[in-house]
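Student: I should like to learn how the features of a protein model are read. May we work through one example together?

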Amino acid sequence: QENASQAGGGIAFYQSGQDETHQRELTIIRDLPEALNSGQLYVVYQPKVELASEQCHSAEALIRWQHPQLGFISPVEFIATAEHSGNISLITQWMLKTVVKQLAAWQADYPTLRIAVNLSAADLLDQNLPQQISTLLQQYQVPATALALEVTESAVMQDTSKVIANLNTLKAMAINLAIDDFGTGQSSLAYLKQLPVNEIKIDRAFVKDIETNSNDALIVNATVKLAHGLGFKVTAEGLENLAGLSYLKESGCDTVQGYFFSKPLATAEFSQWLTNFAATAKQTAELSE
Ligand code: C2E
Ligand code: MG
Ligand code: MG
Ligand code: MG
């Protein structure tokens with residue numbers, strides 16, 4: 001890297017950097033199918049806490065990959081690679097199946113638990129998706145209300161008639177639909193109002209500094225008001241500090257997800273967390289009676 005500013009050396013470095021990136025991408029594409037079947041991929045669950053009741057009835061499922069040679073690979077990297085290489089449906093199918101199976105196992109202990117799976121743009125264009133999900137839910141005897149799907153603003157803005165048709169079908173099945181990372185795309189709430197979705201998730205960018213940045217607080221307040229006016233539930237993403245919590249409560253935000261309540265947790269840790277959280281909430285309620 002020291003040579004990067006020298007004539008020639010800079011170019012050589014740039015090229016070898018590119019080669020490495022390219023090689024890594026090829027490795028990810030090559031190893032993905034195998035990883036899906038060998039336990040390298042797994043799901044973590046991040047709780048979403050309802051502010052009014054101080055209870056947790058939902059969580060987001062996030063994929064993880066521990067690669068034997070490359071180590072931990074961020075989903076931001078391999079999801080993007082899978083999207084570019086046309087392999088994202090492999091991941092989505094695997095996630096849906098893993099989460100629905102897990103929901104079936106959780107039905108007895110947590111009958112009101114709802115888990116959200118992230119979809120990519122290509123998933124939303126696939127007209128077989130609603131039927132595949134319906135079959136999966138039937139196969140594992142899981143009610144559609146236990147499943148939620150998250151889609152980004154930019155994903156819903158492509159080829160809109162196909163996307164809207166899919167969202168309509170999914171919503172009619174009673175699956176909860178959320179717009180993820182709201183505020184980072186180009187759409188407005190007025191536009192999203194035409195879409196059959198239940199919830200918007202305000203991006204972490206507006207939440208993380210809410211207690212110190214008055215512009216962020218203003219944006220969150222206005223977004224919650226408008227979203228509620230249009231009939232959406234609102235989740236704030238990425239709350240890390242207690243100080244931010246009172247701002248979110250004041251804004252009227254319905255649900256909060258973030259490290260403040262919990263990082264994403266492995267399956268067993270998550271059900272343990274749920275049990276502990278419910279017990280603590282009950283104790284707090286009894287103390288204040
Ligand atoms: P996302 O759907 O917006 O998920 C939220 C991300 O923010 C997660 O990162 C989560 O770990 C992180 N996060 C949550 N609370 C906090 C916080 O308080 N502070 C900070 N710094 N971060 C927080 P993760 O798991 O690395 O996932 C990143 C993105 O990768 C996701 O963003 C989603 O777009 C994508 N992704 C993850 N799993 C899947 C999947 O199964 N399918 C698809 N299509 N995309 C996925
Ligand atoms: Mg998400
Ligand atoms: Mg998000
Ligand atoms: Mg995000």
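The dialogue below proceeds from the whole protein to single residues.

Student: What kind of model is this, and how are its parts numbered?

Tutor: This is a predicted model, in which local features need pLDDT of at least 70, side-chain atom pairs count only at pLDDT 80 or more, and totals for chains, interfaces and linings use all residues. Residues are numbered from 1 along each chain as its sequence is written, chains are lettered from A and ligands numbered from 1 in the order in which they are written, and side-chain values use heavy atoms, with hydrogens and water left out.

Student: How many helices and strands are in the protein?

Tutor: Helices (H or I, at least four residues) and strands (E, at least two) are DSSP runs, numbered from the N terminus. In this protein there are twelve helices and ten strands. The radius of gyration is 21 Å, close to the 19 Å that the globule rule gives for 289 residues, so the protein is as compact as a globular protein of that length. That radius is taken over C-alpha atoms, and the globule rule is 2.2 Å times the number of residues to the power 0.38. Along the principal axes, the C-alpha atoms fill a box of roughly 75 × 50 × 40 Å.

Student: What share of the residues counts as buried?

Tutor: Buried means under 20% relative accessible area, exposed means over 50%, and partly exposed lies in between (1.4 Å probe, protein chains only). Here 44% of the 289 residues count as buried. The accessible surface of the protein comes to about 14,800 Å², an area obtained by the Shrake-Rupley method with a 1.4 Å probe. Carbon and sulfur atoms hold 51% of that surface.

Student: How many charged side chains are there, positive and negative?

Tutor: Lys and Arg count as positive and Asp and Glu as negative, while His and the chain ends are not counted. The protein has 18 positive and 31 negative side chains, and the centres of the two sets lie 6 Å apart. For this purpose, the place of a charge is NZ of Lys, CZ of Arg, CG of Asp or CD of Glu.

Student: What part of the contacts joins residues 24 or more positions apart?

Tutor: Contact means heavy atoms within 4.5 Å. Among the contacts with a separation of 6 or more, 67% are between residues 24 or more positions apart.

Student: Which residues touch the most other members of the largest nonpolar core?

Tutor: A nonpolar core is a set of buried Ala, Val, Leu, Ile, Met, Phe, Trp, Tyr and Cys residues joined through side-chain atoms within 4.5 Å. The largest one has 78 residues, of which Val99 and Ile115 touch the most other members. Helix α3 (residues 88-106) gives the most to this core, with nine residues. Leaving aside neighbours within four places in sequence, Ile115 is in contact with ten residues' worth of partners listed in part here, including Tyr45, Val99, Trp106 and Phe270.Student: Is Thr92 buried or exposed?

Tutor: Thr92 is buried, with a relative accessible area of 3%. Its place is in helix α3. Not counting residues up to four places away in sequence, Thr92 touches Leu119 and Asp123.

Student: Where is Met173, and which residues does Met173 contact?

Tutor: Met173 is in the loop between α7 (160-172) and β6 (176-182), and is partly exposed, at 23% relative accessible area. Beyond its neighbours within four places in sequence, Met173 is in contact with Pro130, Ile133, Ser134, Leu137 and Ala144. Met173 and Leu137 are 36 residues apart in sequence and 11 Å apart in space, C-alpha to C-alpha. Ala174 lies in the loop between α7 and β6 as well.

Student: What is the phi of Ala174, and what is that of Gln141?

Tutor: Phi of Ala174 is near 80°, a positive value in a residue other than glycine. Gln141 has a positive phi of about 55° although it is not a glycine. Ala174 is partly exposed, at 36% relative accessibility, whereas Gln141 is exposed, at 66%. Gln141 is found in the loop between α5 (129-139) and β5 (147-152).

Student: Which residues do Asn241 and Glu240 touch?

Tutor: Leaving aside neighbours within four places in sequence, Asn241 is in contact with Lys208, Glu211 and Phe260, and Glu240 touches Arg204, Tyr259 and Phe260. Asn241 is found in the loop between β8 (233-237) and α11 (242-251), and Glu240 lies in the loop between β8 and α11. Asn241 is partly exposed, with a relative accessible area of 32%, and Glu240 is partly exposed, at 36%.
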